[in-house]
Amino acid sequence: ATPSHSRCAARAPTMTTLKPTPEEKPTHYAPEHLDPQLYSDVEEDHQILEVIRNDSWKRSKASLADQDGADEEKPPDDKLDTLKGVYLPCLQNILGVILFLRLPFITAQAGTILTSLIVTLCTISTFLTALSLSAVATNGKIREGGPYYIVSRNLGVEAGGAIGLLFYLGTSIAATLYILGGVEAIQLSFLKDEKDDEYGESFTFETQIFALGLAVAMSAVVYGGVGIVNKSAFAFLAVVLLSIVFLMIGVILFAANEDDGELSDSDRSFADNIGPDFEEDPDTGLTPDFFSLLALFYPSVTGIMAGSNRSGVLRNPGVSIPKGTLAAIVTTYVVYILTVWMFGLSISNDALKDDKLIVAAVAWPAKYAVQVGIVLSTVGAGLQSLTGAPRLLVAIANDGFVPFLQYFAQRPDEPLETTVKRAVILTYVIASLPCLAGNLDFITPFITMLFLIMYAAVNFSCFVLSILKAPGWRPTFRYYHWGTALAGTIWCVVLMLIISWWVAIIVMAVGAMLLLYIRTQDAKRNWGDAARGFRLSIVRDQMLALDSRSEMHAKNWRPQIMLVADVNEYGHPSRPEIIRFAGQLKKGRGLILVNAFLAGDVRTGIDKARAATQVLRAYLREASVKGFARVIMTKNPAEGVFTAVQAAGVGILQPNCLMFTYPARSEMELPPQRETFVSMLRSSIACKKTTIVVKGAEQLPDNDQPFEHGTIDIWWVVYDGGVLMLLPYLLSLHSVWKKCRLRLFTVVTEEDVSADEVFGRTKAFLDKVRIDAEVIPITIGDVNAGYVYGKTLVADSNARVAAKSRLLDHLRLPNTMTVAVRGPQRAEPTTQLSDLFKNPDEEGDGVEEEKKIEMPQTVRNASIIEGAKLDSENDRFESLKKSGMQKWKMDSKRAHMAAFMNVQMKEFSSDAKLIVTNLPVRRSDPTEDVFGFLETLTDGLGAVMMIRGSGEEVVTAYG
């Protein structure tokens, strides 16, 4: 900091968490980014503005990248249409290893009817997901990441990031499925031992080593560039489709007894596979059931995202994704059903179970064409998975909310293909590990779960967007409904649980941990996601349901604090400690608003106010205070407070407490500053808000400096609805204050009931309301405290208290602090302190007579008038009284009471960590009189919080 700015540097909190990291600066700013010339005269403020700009840039970088002109687009001639960009890639991913190597086996185990049901159930989930996917995809541009992009931009960064990482894991392991399928196809087709007609055990290291070698070869191809994969993809798909044609022709000829292929007449059967016949699988040693076969088959329908994964290279994604995806689902469903019934009604059960490569044995005209087709189908689908997974990882890393993935994020001026190559290495490692299983049957349940959770998220995104009916929800695809999206969500979750409930729980638990981890990274992105809209909708409905016109019950009352902060023109608070203190009071789970007011012309100073708001928000983040901050430009700060307190909040979420910082010594010397402060207090009182004034804020602790011992002393002079007791109790719940004991000093006069009775009633009520505090009555003689403190509660508030008390007396329900301590017949407006504790009538005292509570020995008579004080205390008293009367022109009685209370507080509470007492301010009190009383009352004390209640009951004994 420069010397000219040392005053701000001394009171500014450490801003290490806001220090920008070196990165490319934006070439343009959004409207909220302000002109740095506003701060050219102060170096540190200019730096902080740059920090805020940088922080805002980092948090909005992903949003800026979503704009139409943010990334480079391919020329339209180089982009793909529906057939090449969506339909054929979906076919290549859907039609693969399960069709050729497992579907006949599933048919033999479950029978044609149950197998058809399995195919239908799986296809229903993908069909409903495709409808939701099509609706979301046609609602805007889908960029890199495909389904991850959809989920993250609609369900929010936490859910999108967690599910996106699970989907990346599923896509990577899907490559393992195709690798193991390819190894099995090669072993069955070309490495068969002709001597004993067995190819060897599938659990030997030979299979695993072969699979790892194939994984290396396929990853090397992908590492060489996506162009090689794209050029070979259609050739692979052509061979696969030709193989399907050959095997279907072969089955028809076998059923017609025209060509047996490698089968015999005994293998021909027309009714052997109608019903289920579950037997042990010799390869795995397990006996399958309906649900395990459902899990085994499901990966064969999971290629529907291939089109959305290519959204960045499609000529018209909004048209191509719905048409191509739905057409591919219908085509593959027909192929699967035909395969099930043609094989099930033509070939015997034993033949289907014994030979997992039976599709090649029955193929016509050449079985080797089908064998090659099977291998190419697995290799082609594996290459697609190894190509899509790294790009998905890069898309997640580029969003910047997962720190350990930043190595895989695209760097400035780095080609995308270079970034993808780094991700290919990680994908290869992930895909290689499951190869050690040696059989694809063992990994299909995990793949199924990882895909199903993504499908459920896509459906849920569409459901939320549909029911919210946000103005931005305008999909061009019309063949969807919120009911289909909800059904798709539920069906995907049900499938997860019925396939394997324990695997589903593991996947959900991992997803929950990822979500919590991302949340801890403070990953905030303004993507306009449906989750934010959903929360806004809930907030709106709940706020409308909570009618602000209804009276707040004492059980529901919590401090909704509006802190009036004192800041300089750049937004630096003069006492940042008060922000932390207000946050510590939020243990009551209330709302906190931090408002500051700058004197000036709104038209010319609005930019400076906006910049100062950003600085003030930075202080809130530094203090770990969750709330809202704003710097308001106004011609008159006092009038600004009066206006703000009326306009702040919506509905029932309005501030009920106003917190002020007591003016510094230098400010008190200026009459205009004193008048402004008192005017703010009057505004708060006029609006019937609980008014809080904190003096000695510099002595308040930081959040990382908890007290190991000490007390919070409450000096209860005038009844205020219980807020004087409740706020310190809420403060004691915070980790900083939780080891501090509460001590309640109840100030009574000799005209009141005895100190024993006051102690008993107060202690009994505190026990009922479950507040642990030490009660210490202080007797002060015949001091006219009513004159000194005035009518702290306005007449209408007193009337409400009195009416409630009379009703409770009639019902015999002493549930409030008023009734329990004062008695129901003494709730009327009073002007004398002694009136606060008069003897109640016998029927309404609310205290069990048989319960005797012994008063502690610390209670004493503190009457100065009777001369019971020591000489030193009398000297301090007379000095304070004289100073108040001479300097502030105070009335002798007010000066007398203020000096007397100060002496008592010094004697009993000199070591207290915080002193809490009433704020004796009325709207009619002169400014000089207010300052004189407060100065005399708090002279020489530490941190003091003075509270003036609004008159509403905030403490009740009923749960």
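The following questions and answers concern the fold, the nonpolar cores and two helix pairs of a predicted model.

User: What percentage of the 959 residues in the chain is buried?

Analyst: The chain of this predicted model is built from 33 helices and 11 strands. Among contacts with a separation of 6 or more, residues 24 or more positions apart account for 83%. Of the 959 residues in the chain, the buried share is 57%.

User: Which helix gives the most residues to the largest nonpolar core?

Analyst: The largest nonpolar core has 155 residues, and the members that touch the most others are I118, F297, Y336 and F343. The greatest contribution to this core, 19 residues, comes from the helix spanning residues 157–190, namely α7.

User: With which residues is F343 in contact, leaving aside its neighbours within four places in sequence?

Analyst: F343 is one of the residues that touch the most other members of the largest nonpolar core. Once its neighbours within four places in sequence are set aside, the contacts of F343 are P104, L247, V251, N273, L352, I358, V359 and V362.

User: How many residues are in the other core that lies apart from the largest one?

Analyst: Apart from the largest nonpolar core lies another, whose members include V594, Y619, A623 and L730. The number of residues in this other core is 62.

User: Are helices α8 and α16 roughly parallel or roughly antiparallel?

Analyst: Helix α8 covers residues 205–224 and helix α16 covers residues 416–432, and their axes, which come within 10 Å, cross at roughly 165 degrees. Because angles over 145 degrees count as roughly antiparallel, α8 is, relative to α16, roughly antiparallel.

User: Which residues of α16 make the contact with α8, where the crossing is right-handed?

Analyst: The crossing of α8 and α16 is right-handed. On the α8 side the contact is made by L212, A215, V216, S219, V222 and Y223. By class, the contact of α8 with α16 has 8 nonpolar, 2 polar and 1 charged residues. The residues that α16 brings to this contact are K421, V424, I425, Y428 and S432.

User: Are helices α23 and α25 roughly parallel or roughly antiparallel?

Analyst: Helix α23, residues 637–647, packs with helix α25, residues 671–686, at an angle of about 15 degrees, and their axes are 8 Å apart. Since angles under 35 degrees count as roughly parallel, the arrangement of α23 with respect to α25 is roughly parallel.

User: How many charged residues does the contact of α23 with α25 have?

Analyst: The crossing of α23 and α25 is right-handed. The contact is formed by P637, A638, V641 and F642 of α23 together with T676, S679, M680, S683 and A686 of α25. By class, this contact has 6 nonpolar and 3 polar residues, and the count of charged residues is none.

How values were computed
Residues are numbered from 1 along each chain as its sequence is written. This is a predicted model: local features need pLDDT of at least 70, side-chain atom pairs count only at pLDDT 80 or more; totals for chains, interfaces and linings use all residues. Side-chain values use heavy atoms; hydrogens and water are left out. Axes are lines fitted to C-alpha atoms, for helices over the stretch in contact, and angles run from 0 to 180 degrees between N-to-C directions. Helices (H or I, at least four residues) and strands (E, at least two) are DSSP runs, numbered from the N terminus. Angles under 35 degrees count as roughly parallel, over 145 as roughly antiparallel, 65 to 115 as roughly perpendicular and the rest as oblique. A crossing is left-handed if the near helix is turned anticlockwise from the far one by less than a right angle, and right-handed if clockwise. Contact means heavy atoms within 4.5 Å. Ala, Val, Leu, Ile, Met, Phe, Trp, Tyr, Cys and Pro count as nonpolar, Asp, Glu, Lys and Arg as charged, and the others, Gly among them, as polar. A nonpolar core is a set of buried Ala, Val, Leu, Ile, Met, Phe, Trp, Tyr and Cys residues joined through side-chain atoms within 4.5 Å. Buried means under 20% relative accessible area, exposed over 50%, partly exposed in between (1.4 Å probe, protein chains only).
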